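Please look over the sequence and the structure below, and then read the briefing on pockets and cysteines that follows.

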Amino acid sequence: MITALRWIGFIFAVLLVWQALCALFEIPRYILPTPLQVVEFAISNYTVLLNDFGYTGIESFIGFIISIAVSLCAAAFVHFVPRSERFFAVTTVGAQSIPILAVAPFLTSWFGSGIGSKIAASAIVCVFPLIGGWVAGKHSITPNEWIFAESVLPTSWIRFRYFILPRSLPAFIATLKVGCPLSVLGALVGEFVGARLGLGFRILTGSYYLRTEEMMCGVILACILSSAFYAIVVILERTWLFWHGQRAV
């Protein structure tokens, strides 16, 4: 409760300073709108903004789930085919060096301008850090733990299911905290390239017509969406890693 009050106080202070600076320096609306102007726009267009919020949320969530599933399959493949780890390492580094904005036009050509290309962009941005999380978790296993697991658990599959996955889960959850905001970022970039709905589309159209209050609403809602995903991951961490002894932040 005290932490929540502190955050509310901090946000209120930021809004107060923002309003005061805009009024003091007479900043034009097309450069930086005041908080009151942003709230006014949000109230008068709340239906459209909620639709955009839900559309981007669905894209991000589905892309995030797909990236988790793909990373889990990659972790299993690396376990059963150890020589493939170097391939995944090189692929991950190479893929991370390519900006998603450069890939998004290809995704639009392959999956169309609908929701499919946005989901693909969201999943691509997330999946490689998550694969790295599984691999890092596997490498955190000590030699003594390996010896114990091989002596107690008879088959490779049983070791993967009951030893490697739980043991790698803390590192994977840590990368999930990074991946969940990235899923929103990927969806936004996909909407920048071609869309008629979504927060990215809202930000882009606002920039075309210098409606900065519309852009600000899109940015704020994207931050809220990312924070909601992060909160879900924290709840999962506290549920799944109760044995790990680390407090989620």
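How many disulfides does the count come to? With a disulfide taken as a pair of cysteine sulfur atoms within 2.5 Å, the count comes to zero. This is a predicted model, in which local features need pLDDT of at least 70 and side-chain atom pairs count only at pLDDT 80 or more, while totals for chains, interfaces and linings use all residues. Residues are numbered from 1 along each chain as its sequence is written, and side-chain values use heavy atoms, with hydrogens and water left out.

**Cysteines** (buried means under 20% relative accessible area, exposed over 50%, partly exposed in between, with a 1.4 Å probe and protein chains only)

- Cysteine 22 is buried, at a relative accessible area of 5%, and its sulfur is 14 Å from the closest cysteine sulfur, that of cysteine 217, which is too far for a bond.
- Cysteine 73 is exposed, with a relative accessible area of 54%, and its sulfur lies 16 Å from the closest cysteine sulfur, in cysteine 126, again too far for a bond.

**Largest pocket** (a pocket is an open set of points on a 1 Å grid over the protein atoms alone, where a 1.4 Å probe fits, with protein on both sides within 12 Å along at least five of seven lines; lining residues have an atom within 4 Å of a point)

- The lining of the largest pocket is made up of 28 residues, and those nearest its centre are Ile11, Ile220, Cys223, Ile224 and Ser227.
- Two or more lining residues come from each of helix H1 (2-24), helix H2 (35-44), helix H3 (46-80) and helix H10 (212-240), where helices are DSSP runs (H or I, at least four residues) numbered from the N terminus.
- H10 gives the largest share of this lining, 11 residues.
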